[in-house]
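This report describes how nonpolar and aromatic side chains are arranged in one protein model. Please consult the sequence and the structure shown below while reading.

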Amino acid sequence: MDVRITEKKIILYEAFLIRIIVLMCIVLLADILPAYGFIGNTPLYDDFRYEEGAVLYSKKADSLIDVKTFTKVYESMDDRVGYHLDNPFTGVYLWYWIACILIYITKWRWSLRLLNIIFMTFTIKYVYEITEYTYGNRAAKIAAKAMAFLPYLVIFSCFSYKECLVSFCTFYMWRYIVKRKHNVICKNRETLQLIVCIFAMLFVRSGLSVILIVTVFGYYYLDRLKNKISFQNIMLMLLVALLILLLLYKFRNIIIYKYMAYIGGDFSDEVLKGGRLVMIRRPQDIWKLPIAFVFAILNPIRTGGAIQSWSNVVGWLNITLCPIAVGASLSFLKVHKPDKIQFWIMMGYYFISVISSIFIFRQLFSLLPIPIMSFAGYYAQSDFTRKKLVIMLSFFLTVMVLVAF
């Protein structure tokens, strides 16, 4: 058993501890700021609904798995998740059940927050390892420390959104594939955990999970074909492609629904307002992508108005993400990248998420490690002049944000 205290472990211990302290502050300040929801204590917001429904379930359920009570509890909050249990290809109910079962067992509503903190701590570990394999140890430390201590990543993971689980699964999958790509032996339990993460994603994030699986395995097999074209590799890639097409077919309805809800819908100018500057709805809007990229990293952002929720607190503090946005943007201009295929596939998936979810900050949160890793890689490998450029542009972007918001 490895008991050495490495710098990576210290960062993880600190990340866990600071989140526990912040969670205690959230509980103690419940009379000042809503403690049951990141935005507010109302079923309008997903995190409150997950947790409050689970609390009610723990009090009313006749057994650990009580489908009838599950359906009624969430229907009372205008959530019809219980009516999709018979169709696993349209429902995204796994996090609901995790919340209900956990709180039913513990009889403690904050246990779901603790679970999210654990998920986020392990995500930092996976991001550290992915960055270390790709950019080196120095960049890994920068990426891990950014994830451990940036206010947004600390505060958000102390609430009950499912995005911490999504981030955990996403970067476990990437870490597994990156290890395989670098010829690191993965244990049988790691392969089993990979399979669990894939199925968890399918029942937590529906449409985008299929695209994630395409990007992760696409990266691995593209790299293998690049290095060695063989009959075995080609047949294996064709089999993976067939499985991906099957997933796309099975999830076609939810993918179309998500597209119409987030991109293809008929939005009025009154609804869009300033969002017209960053929302990409047609091919000719592609010029907005750099602006949308920066906006997605900084979102949620605000520099005015009263502080009435923890979301408002984060909005004020997200100015600290300006260096991440600048460094990640500059990383595109760097010609010599350690792993170009990984960089562009990861960023491609992030861009898909930006286009489909530009105003849904909680979904973009789960992928924030991607620009953080790009920033860390760029900054760690930069000379003094480039680092000074990052600092200057970050200051300029900060001023722009303060003026705009």
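Are F293 and Y350 buried or exposed? In this predicted model, both F293 and Y350 are buried.

**Aromatic pairs**

F293 and Y350 also form an aromatic pair with edge-to-face geometry, the centres lying 5.7 Å apart and the planes at 85 degrees. Because F293 belongs to helix 14 (residues 289-298) and Y350 to helix 17 (residues 340-357), this pair ties together parts that are 57 residues apart in sequence. The count of aromatic pairs comes to 34. One aromatic cluster is formed by F38, Y152, F156, F159, Y161, F361 and F365.

**Nonpolar core**

In soluble globular proteins, nonpolar side chains tend to be buried together. The largest nonpolar core here contains 127 residues. F38, Y74, M173, W174, I297 and I372 have the most contacts inside this core. Helix 8 (residues 163-181) supplies the largest share of the core, namely twelve residues. Leaving aside residues up to four places away in sequence, W174 touches I130, L212, T215, V216, Y219, Q342, I345 and M346. F38 thus appears twice in this account: among the residues with the most contacts inside the core and as a member of the aromatic cluster.

**Charges over rings**

Two basic side chains are placed over tyrosine rings, as the table lists.

| Charged residue | Ring | Distance to ring centre |
|---|---|---|
| K107 | Y104 | 4.2 Å |
| R109 | Y36 | 3.7 Å |

The charged end of K107 sits over the ring of Y104, while R109 lies over the face of Y36.

Definitions and conventions:
Residues numbered from 1 in each chain as written. Predicted model: local features only at pLDDT ≥ 70, side-chain atom pairs only at ≥ 80, totals over all residues. Heavy atoms only, no water. Core = buried A, V, L, I, M, F, W, Y, C linked by side-chain atoms within 4.5 Å. Buried < 20%, exposed > 50% of the residue type's maximum accessible area, 1.4 Å probe, protein only. Helix = DSSP H or I, 4+ residues; strand = E, 2+ residues; numbered from the N terminus. Contact = heavy atoms within 4.5 Å. Phe/Tyr/Trp six-rings, centres within 6.5 Å; stacked < 30°, edge-to-face > 60°. Lys NZ or Arg CZ within 6 Å of the ring centre and 35° of its normal.
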